[in-house]
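Student: I have a structure to look at and no plan. Can we work through it with questions?

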Amino acid sequence: MKKKDEEHHTEPLGTGESGESLTNRQGHPVTDNQNVRTVGNRGPTTLENYDFLEKISHFDRERIPERVVHARGAGAHGYFEAYGKVGDESPALYTRAKLFQEKGKRTPVFVRFSTVVGARESTETARDPRGFAVKFYTEDGNWDLVGNNLKIFFIRDPLKFPDMIHAFKPDPVTNIQDPERMFDFVSQSPEATHMITFVFSPWGIPANYRQMQGSGVNTYKWVNEKGEAVLIKYHWEPLKQGIKNLTQKEAEHIQATNTNHATQDLFEAIENGDYPEWELCVQMMSDEEHPELDFDPLDPTKLWPAEQFPFLPVGKMVLNKNPENYFNEVEQAAFGTGVLVDGLDFSDDKLLQGRTFSYSDTQRYRVGSNYLQLPINSPEKRVATNQQGGQMEYHVDTAPGQNPHTNYEPSSLGGLKEAEQIGDVHKPHYDDKLVREPIDRQNNFGQAGDTYRSFEPWEQEELISNLVEALSVCQPHIQEKMIEHFTKADEDYGRRVAEGLKAAGTMSKEHTSSKQADEAVDEAQKLGHKA
Ligand code: HEM
């Protein structure tokens with residue numbers, strides 16, 4: 001017969017008896033964790049069951065609100081190692097940010113990967129962009145690079161973001177995700193055609209979180225010692241693990257047996273010492289409007305062509321440590337686009353500016369007003385503010401030697417002083433009317449066509465078949481609008497979607513006739529000649 005402690009040993013969980021005895025959160029020993037206190041052993045229970053009430057009421061509050069987007073995620077710790085160069089040049093020519101300057105300099109990082117639309121425990125095989133958020137704990141405080149796997153986005157104006165997410169998330173009545181609602185929005189947002197082309201191709205289902213690229217998507221700036229700026233886009237390129245995407249069928253096959261495959265893949269790779277690595281590259285452009293381009297460089301629905309704006313490596317990132325506790329580190333992690341260090345700046349990209357308000361706003365609600373005091377979010381650098389109070393304040397941010405009575409600035413009584421400005425301030429000049437207007441160089445379809453033509457034949461086939469399947473449930477006016485957009489991008493693209501829908505017989509469902517289907521194909525062909 002087995003001894004008692006042998007019976008309780010299970011492989012990965014290990015340990016068995018720790019020797020420590022159970023307490024409640026007041027530090028009182030818990031001597032009976034099996035029975036509530038009752039009058040007689042059949043009840044009723046009594047109200048002064050302090051340990052029970054504490055245990056159950058804490059349990060009742062175990063969940064915090066999930067992220068309004070990117071709710072499902074996985075995270076890991078690691079480091080960023082600078083090459084001390086940007087391409088062949090010194091980073092100092094372009095940015096004074098300290099983390100890039102010295103070859104071999106390491107900065108600790110925490111990364112959270114995610115899907116976008118699904119809820120906290122949703123499947124990781126979804127056709128969806130993937131979040132790629134990196135927190136650099138630099139000597140100058142934190143820098144968050146909050147990106148996605150794809151290099152562009154659906155929209156360019158932040159005012160449209162809540163509507164877009166409402167259309168992509170489940171229907172408010174049925175709680176079912178509905179491609180018709182999604183394409184209703186997208187068909188009236190022509191700037192989304194490029195992103196839709198990526199998302200419905202195999203690039204819309206990365207095989208896992210390790211084998212995908214990352215991108216900051218929005219345009220940022222680098223600022224040097226003299227206060228001069230260049231426009232910058234950031235990209236993460238997977239190193240040894242490479243890139244891998246899934247076909248719809250492959251994804252369905254995985255989903256049939258595993259809804260956590262990407263989290264599991266990342267956790268197990270790190271546990272087995274197979275640490276994933278990415279190279280950080282930047283694309284650079286002078287800080288001007290660039291009228292010679294057929295797109296606006298600040299438009300996040302556009303790629304900056306790599307031939308004109310080469311990818312310049314600046315360092316690599318290695319993820320080598322799993323979180324010790326999912327909730328503390330991954331769920332409570334808070335990233336935001338406003339979190340920049342000296343030498344990095346915002347561009348005038350409107351989407352970026354809208355995002356920058358949204359992140360810390362939602363985190364004060366989701367995690368709490370003192371979310372920056374949690375270890376995963378606080379910088380390694382000393383924090384010294386005059387902020388105080390708020391729910392769950394854990395400590396006061398006083399500096400050594402600070403007069404604790406002086407929680408204001410300016411003061412002559414031993415309070416905190418403003419930091420010294422290092423390097424010249426970047427001072428962009430503005431002279432324009434205050435307006436509500438779309439940008440001039442929208443070019444909503446040109447790059448969508450380039451992207452379609454850049455796909456391999458099997459990727460194009462997947463794209464067409466995935467679009468046809470999703471559009472099949474949409475009303476004809478939505479299908480027709482989408483065909484029009486695809487045709488403007490590339491004649492062959494629009495024609496294949498139209499033919500696919502016709503062949504599937506779905507354009508003649510209750511709302512339309514086969515005559516209308518024929519007209520849509522004809523219309524697509526006509527538009528193609530004009531495009
Ligand atoms: C998460 C807003 C566009 C990448 C979030 C969250 C909000 C938000 C409110 C939840 C944050 C939290 O609860 O901690 C917005 C708005 C956008 C926008 C208003 C446009 C106006 C984008 C774009 C990207 C992106 C263009 C990609 C470059 C992410 C990522 C996360 C996230 C990766 C998850 C961060 C994490 O892992 O905690 N976004 N977003 N978002 N967003 Fe955005």
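Tutor: Start with a definition. A residue is buried if 20 or more other C-beta atoms lie within 10 Å of its own, exposed if 12 or fewer, and partly exposed in between. Keep in mind that this is a predicted model.

Student: Then is Y359 buried, exposed or partly exposed?

Tutor: Count its neighbours. Y359 has 18 other C-beta atoms within 10 Å. Buried needs 20 or more, and exposed needs 12 or fewer. The count for Y359 therefore makes it partly exposed.

Student: Which helix holds Y359, and what does the UniProt record say about this residue?

Tutor: Y359 sits in helix α9. Leaving out residues up to four places away in sequence, Y359 touches F335, G336, T337 and G338. The unreviewed UniProt entry annotates Y359 as "binding site".

Student: Which element gives the largest share of the shell around the ligand?

Tutor: The shell has 28 residues, and the closest are H70, R112, G131, P158 and V217. At least two residues each come from β2 (106-115), β3 (130-138), β4 (141-148) and α9 (350-366). The largest share is eight residues, and it comes from α9.

Student: How many residues of that shell are nonpolar, polar and charged?

Tutor: Sort the shell around the ligand by residue type. Four of its residues are charged and ten are polar. The nonpolar ones number 14.

Student: V217 was among the closest to the ligand. Is V217 buried or exposed?

Tutor: Place V217 first: it lies in the loop between β5 (214-215) and β6 (220-223). Its phi is positive, about 65 degrees, although V217 is not a glycine. With 25 other C-beta atoms within 10 Å, V217 is buried.

Student: N175 also has a positive phi without being a glycine. Is N175 buried or exposed?

Tutor: The phi of N175 is about 60 degrees. N175 belongs to the loop between α3 and α4. Only a count of 12 or fewer qualifies as exposed. N175 has 8 other C-beta atoms within 10 Å, so it is exposed.

Student: How do helices α3 and α4 run relative to each other?

Tutor: The axes of α3 (residues 161-168) and α4 (residues 179-187) come within 7 Å and cross at roughly 150 degrees. Angles over 145 degrees count as roughly antiparallel. So α3 is, relative to α4, roughly antiparallel.

Student: Which residues make that contact, and from which helix?

Tutor: From α3 come D163, M164, A167 and F168. By type, the contact residues split into five nonpolar, three charged and no polar. From α4 come R181, M182, D184 and F185.

Student: Where are the prolines that follow cis peptide bonds?

Tutor: One cis bond joins G43 and P44, with omega about 5 degrees. Another runs from E409 to P410, with omega near 5 degrees. P44 is in the loop between α1 (4-8) and α2 (50-60). P410 is in the loop between α9 and α10.

Student: What covers the buried residues of α10?

Tutor: Helix α10 spans residues 446-454, and Q447, A448, G449, T451 and Y452 are buried there. Their cover includes α5 (193-199), α11 (457-471), α12 (476-489) and α13 (491-503).

Student: Which residues does the "domain: Catalase core" annotation cover?

Tutor: The span is 20% helix and 19% strand, and its end C-alpha atoms lie 44 Å apart. According to the unreviewed UniProt entry, the annotation covers residues 23-417.

Terms used: Residues numbered from 1 in each chain as written. Predicted model: local features only at pLDDT ≥ 70, side-chain atom pairs only at ≥ 80, totals over all residues. Axes fitted to C-alpha atoms, helices over the stretch in contact; angles between N-to-C directions. Helix = DSSP H or I, 4+ residues; strand = E, 2+ residues; numbered from the N terminus. Parallel < 35°, antiparallel > 145°, perpendicular 65-115°, else oblique. Contact = placed C-beta atoms within 7 Å. Nonpolar A, V, L, I, M, F, W, Y, C, P; charged D, E, K, R; others polar. Near = placed C-beta within 6 Å. UniProt positions renumbered as here; feature names shortened; annotations may be inferred.
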